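Dear colleague,

I am handing over the structure below, together with some notes on what was found in it. Please read the notes with the structure open beside them.

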Amino acid sequence: MIISLLTAAVGVLLSALFSVLPGLHIYNVAGLALLALAAPENVVPPQSLAMLFVGMVTGYAVLNTIPTVFLSAPDESTLFMLRPGQKFLLQGRGYEAALLSGVGGLSGIAVLLLLTPFASSILTPFRAVLHPHLHWILWALIAYLLLSEWPKGSQRAPAGWRRCWDGWRNLVAGLLAFVLSGVLGLILLYRTPVPADAASQNLLPAFVGLFAVPSILHNLVSRVELPEQRGIPDLGVTPALVLQGALSGAAGGLFAAFFPVVTAGIGGLLAAHATAQRDDRVFLVSQGASKVLYYVGALLLFFVPGLHLTRGGMAWILAPVWDPVEVLGPDVSPFYYRAAAAALVSGVLAFFLLLGMARLAARFVTRVDYRWINLGTLILLLLFVVGWTGWGGLLICAAAVGIGLIPVLWGARRSNCMGVLLLPLAINMVGLGSPVVRWLGLA
């Protein structure tokens with residue numbers, strides 16, 4: 001047990017090195033770790049590798065708040081944190097935003113531990129009931145995301161068609177971003193320009209272009225000036241507000257972990273709408289809880305006795321080299337509880353790392369011109385794209401940037417760009433993948 005916890009702690013420290021680098025996802029690092037450590041000579045035993053992955057994914061789920069808040073470089077799980085995070089940063093409260101997300105992460109770990117003894121008895125029958133209905137549930141989710149994009153007109157445009165366009169342009173932009181990103185997803189699925197040896201990183205340039213680069217370009221053009229960031233803040237949240245955010249985020253994160261393709265950001269948004277959240281502090285707490293449950297919960301589902309559900313990138317990376325049911329037999333309960341304990345220790349360690357790393361990041365963005373930070377971040381992102389996926393990946397990134405700028409410039413939700421995942425899967429789940437691909441000339 002002690003060895004397992006220490007191995008998970010090493011995973012957290014590894015995630016601390018990479019989580020602050022914008023555009024570098026922990027799944028990319030896990031893929032490299034798998035190649036290095038699970039070689040034929042088995043440098044690291046598979047069970048230890050699983051514990052290392054628990055620590056890595058838990059640390060990343062807590063610490064990836066830092067590039068989102070301080071560098072405007074979100075991934076698919078933190079894109080909804082970008083706007084409130086930037087709002088806090090411009091008010092000198094970037095450290096507070098990171099801490100609120102960290103508090104949410106700790107609450108998410110607590111929820112996971114409370115659910116651990118009941119996961120098998122609850123989720124196994126739930127999966128059996130839900131599985132035949134996944135296709136229409138996914139289409140209903142897509143419809144809700146698009147229909148909930150309400151008109152945001154300023155009421156200052158002249159009467160007539162200009163005022164009509166002022167009110168409806170964000171709806172049109174949201175729909176356009178969803179469709180175009182969905183087409184991009186189909187291209188990546190059936191005719192990607194990424195080299196075959198980098199196929200595992202196929203979505204990296206798309207996510208960087210859709211979510212991270214547009215925000216950085218917006219900051220460069222708008223010449224954002226940051227105020228002095230405050231030190232240790234009074235978070236001003238009561239236990240009731242933390243509980244509200246935690247429960248909301250838990251609902252969204254569990255939904256995202258269990259349901260294919262849905263990310264923590266989308267799950268958190270749905271839960272926030274369901275609970276009528278209006279407080280930015282509660283929203284940051286809920287998003288912190290949601291992404292921890294999304295990342296960590298998805299991996300733990302792989303170890304749940306009687307369920308053995310492969311969800312999330314980390315479980316898919318681990319599955320080919322170590323299957324707990326094949327190795328340990330049907331009763332994987334001891335390993336499952338050990339993994340849950342490792343997630344707890346990793347979450348606490350990651351939170352304390354967050355306290356120090358967020359403070360350093362707050363000092364950094366205050367002392368260095370924010371335009372240079374954004375320019376350096378942009379260069380680093382493009383180097384990652386070229387290094388991981390070659391010039392074909394840079395071409396994908398450029399196309400994705402054009403799509404990602406649509407919601408930024410026209411006031412639509414950036415979640416519409418998740419069409420890159422949602423639309424291809426939804427089309428394939430209803431059996432229309434082949435006709436659509438032939439119609440688009442991708443077959």
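Because the angle between them is over 145 degrees, helices α10 and α17 count as roughly antiparallel to each other. Please bear in mind throughout that this is a predicted model, and that the values below were computed from it. The two helices span residues 204-222 for α10 and residues 370-410 for α17, and their axes come within 7 Å and cross at roughly 150 degrees. The crossing in which α10 passes α17 is left-handed, and the contact between them, sorted by class, has 25 nonpolar residues, eight polar residues and one charged residue.

Helix α10 also holds a pair of aromatic rings, one of the 10 aromatic pairs counted in the model. The ring centres of phenylalanine 207 and phenylalanine 211 are 5.9 Å apart and their planes lie at 20 degrees, which is under the 30 degrees that serves as the cut-off, so the pair is stacked. Both residues belong to α10, where they are four residues apart, or about one turn of the helix. As a general point, an α-helix has 3.6 residues a turn, so residues three or four places apart point the same way. Phenylalanine 207 has a relative accessible area of 17% and is therefore buried, and phenylalanine 211, with a relative accessible area of 2%, is buried as well. Elsewhere, ring pairs link four tyrosines, Tyr27, Tyr60, Tyr294 and Tyr295, into a cluster.

Returning to α17, alanine 398 lies in this helix, and because its relative accessibility is 51%, it counts as exposed. Between alanine 398 and leucine 382 there are 9.9 Å from C-alpha to C-alpha, with 16 residues separating them in sequence.

A second helix contact is that of α11, residues 239-258, with α13, residues 280-301, where the helices pack at an angle of about 35 degrees and their axes are 6 Å apart. Here the crossing is right-handed, and the contact of α11 with α13 has, by class, 15 nonpolar residues, nine polar residues and one charged residue.

At the start of the chain, helix α1 covers residues 2-19, and its 18 residues reach 25 Å from the first C-alpha to the last, close to the 26 Å expected at 1.5 Å a residue. The buried residues in α1 are Ser4, Leu5, Thr7, Ala8, Ala9, Gly11, Val12, Ser15, Ala16 and Ser19. Valine 10 is found in α1 too, but with 44% relative accessibility this residue counts as partly exposed. In space, valine 10 and methionine 56 are 8.0 Å apart, C-alpha to C-alpha, although they are 46 residues apart in sequence.

Finally, there is a residue in helix α9, residues 161-190, that you may wish to look up, namely leucine 186. With a relative accessible area of 3%, leucine 186 is buried, and its C-alpha atom is separated by 9.7 Å from that of isoleucine 427, which is 241 residues away along the chain.

If you would like a place to begin, which helix holds both phenylalanine 207 and phenylalanine 211? The answer is α10, and from there you can follow the contact with α17, where the axes come within 7 Å.

With best wishes

Terms used. Residues numbered from 1 in each chain as written. Predicted model: local features only at pLDDT ≥ 70, side-chain atom pairs only at ≥ 80, totals over all residues. Heavy atoms only, no water. Axes fitted to C-alpha atoms, helices over the stretch in contact; angles between N-to-C directions. Parallel < 35°, antiparallel > 145°, perpendicular 65-115°, else oblique. Left-handed = near helix turned anticlockwise from the far one by under 90°. Nonpolar A, V, L, I, M, F, W, Y, C, P; charged D, E, K, R; others polar. Expected span 1.5 Å × (residues − 1). Buried < 20%, exposed > 50% of the residue type's maximum accessible area, 1.4 Å probe, protein only. Phe/Tyr/Trp six-rings, centres within 6.5 Å; stacked < 30°, edge-to-face > 60°.
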